[in-house]
Amino acid sequence: MLTLQELAVAIDADLIGDPNYQITSCATLESARSDQLSFIYNKKYITDLQTTNAGVVILSDAFLAGYDGNALIVKNPYLAYAKAANVIHAAPPRVGSIHASVVIGDNANIAEDCVLAPHVVIGDDVTIGKGCYIGPGCVIANKVVIGNNLKLVANVSLGEETKIGDNVTIHPSTVIGSDGFGYAPYNDKKGWCKIPQLGHVVIGNDVEIGSNTSIDCGALDNTVIGDGVKIDNQVQIAHNVVIGDHTAIAACTGIAGSTKIGKYCTFAGGVGLVGHISITDGVHVTGMTMVTHSINEAGVYSSGTPFQKNTDWLKNAVRFKQLDKLTKKINYLIKLKKEN
């Protein structure tokens, strides 16, 4: 339990109400009990605010009218809620332990306070820093170097010589350092010659990677994930990709090889990027966009068409195929007009 005074200090909020009131957990405005914290930042939920049973609500000055309960007032309620939830639901400290089923290779250097869950396999010459949690079924290959406070939730695989910084979380069934998709066609066109993938993956500090995501090792140079990067579930990052600090990538995005992405970018769900292009800092790409060339100017970018009735879509698809002919006709008519 935390008092409202403790929460106000933790998130730098102004408190209206009882400073000794205690909160145990978080919930939505609609479902919250009297011992729970909630928040509002969207006018769409103003009715829920007026009827909520929450013990305290995080909100801005704009939502105070008509609400007379305990309040934590901030400029950015969404961010303040994130901070409050981290405080209220902080994980208890762990005591170092190694399960009997764990397999550890030669010359591994593992900090004493680490937790190694059942069926973990650790290769030779691995270094694992302080406060790490290696969840069930994780596999850490030879010569991996891990910083402090890593959390591998379960069934995560780290390829050889992967390097990971401090305060990183990787969710279940993600694979870091698998071979990149590199093949050279034989001259007789009867098959493919595999290109050895000789680079590795380097992940910075404060990174979080979702479940079932794959980050391939480099072909020659390393694949690099910068500090503070957030990657969602089912994202594919190919060999030699470089992602700048604090970029966020939503689910089902695919990034082809040797793409360079700047800092503070965002990619919504289902975005595709072709290989060997560069994206500058501060680029925001909306969902299902296909990025086919480099972006040199910060801003918001989109492609594709929004959904519509199938009958309308079919008509528009036909017209889209006719655009080239229509353009030629228009250019011809413009030319005739100028000549006359």
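A residue counts as buried when its relative accessible area is under 20%, as exposed when that area is over 50%, and as partly exposed in between. By that rule R33, with a relative accessible area of 45%, is partly exposed, and R33 will be one of the stops on this tour through what is a predicted model.

**The whole chain**

Begin with the entire protein in cartoon view, where the secondary structure comes to five helices and 39 strands. The radius of gyration is 26 Å, well over the 20 Å that the globule rule gives for 340 residues, so the protein is more spread out than a compact globule. If you turn the view along the principal axes, the C-alpha atoms fill a box of roughly 85 × 65 × 35 Å. Of the 340 residues, 38% count as buried. Among contacts between residues at least 6 apart in sequence, 17% join residues at least 24 apart.

**The open sheet**

Next, select the ten strands that form an open sheet with parallel pairing, in the order 9-12-15-18-21-26-29-32-35-38. Strand 9 (103-104) and strand 38 (290-291) stand at the edges, and because each has a single partner strand, one side of each is left without a neighbour in the sheet. As background, strands of a sheet pair through backbone hydrogen bonds, either parallel or antiparallel.

To look at one pairing in detail, select residues 254-255, which make up strand 32, together with residues 272-273, which make up strand 35; these two strands pair in the parallel sense over two bridges. Within this pairing, G254 stands opposite G272 of strand 35.

**T213 and its surroundings**

Now centre the view on T213, in the loop between strand 25 (208-209) and strand 26 (214-216). Is T213 buried or exposed? With a relative accessible area of 0%, T213 is buried. Show the side chain of T213 and the backbone of V235, and you will find that this side chain reaches the backbone nitrogen of V235 at 3.1 Å. If neighbours within four places in sequence are left aside, the residues in contact with T213 are T174, V175, I231, D232, N233, Q234 and V235.

**The aromatic cluster**

Move next to the rings, of which a search of the whole structure finds five aromatic pairs. In one of them, the rings of F39 and Y41 have their centres 6.0 Å apart and their planes at 5 degrees, so this pair is stacked. A stacked aromatic pair is also formed by F39 and Y81, at 4.2 Å centre to centre and with 15 degrees between the planes. F39 belongs to strand 5 (residues 36-39) and Y81 to helix 3 (residues 77-88), so their pairing ties together parts that are 42 residues apart in sequence.

Select Y78 as well, since ring pairs link F39, Y41, Y78 and Y81 into a cluster. Colouring by accessibility separates some of these members: F39 counts as buried at 19% relative accessibility, whereas Y81 at 23% counts as partly exposed, as does Y41 at 47%.

**The salt bridges**

The last selection is of charged residues, among which the structure holds three salt bridges. In general, side chains of opposite charge can pair when their charged atoms come close.

Start with R33 and D35, whose salt bridge has its closest N and O atoms 3.1 Å apart. R33, as noted at the outset, is partly exposed at 45%, and D35 also counts as partly exposed, at 23% relative accessibility.

Which residue forms a salt bridge with D179? The partner is K194, with the closest N and O atoms 3.1 Å apart. D179 lies in the loop between strand 21 (175-178) and strand 22 (183-185), while K194 lies in strand 23 (residues 192-194), so the pair ties together parts that are 15 residues apart in sequence. D179 counts as partly exposed at 42% relative accessibility, and K194 counts as partly exposed at 41%.

Finish at helix 5 (residues 323-339), where K328 and D324, being four residues apart, are separated by about one helical turn. These two residues form a salt bridge in which the closest N and O atoms are 3.4 Å apart. Here K328 is exposed, with a relative accessible area of 54%, whereas D324 counts as partly exposed at 48% relative accessibility.

Definitions and conventions: Residues are numbered from 1 along each chain as its sequence is written. This is a predicted model: local features need pLDDT of at least 70, side-chain atom pairs count only at pLDDT 80 or more; totals for chains, interfaces and linings use all residues. Side-chain values use heavy atoms; hydrogens and water are left out. Rings of Phe, Tyr and Trp (its six-membered ring) pair if their centres lie within 6.5 Å; planes under 30 degrees apart count as stacked, over 60 as edge-to-face and the rest as tilted. Buried means under 20% relative accessible area, exposed over 50%, partly exposed in between (1.4 Å probe, protein chains only). A polar contact is a pair of N or O atoms within 3.5 Å; within protein, one must be able to donate a hydrogen and the other to accept it, and residues adjacent in sequence count only if both atoms are side-chain atoms. Contact means heavy atoms within 4.5 Å. Two strands pair if DSSP finds at least two bridges between them. A salt bridge is a side-chain nitrogen of Lys or Arg within 4 Å of a carboxyl oxygen of Asp or Glu. The radius of gyration is taken over C-alpha atoms; the globule rule is 2.2 Å times the number of residues to the power 0.38.
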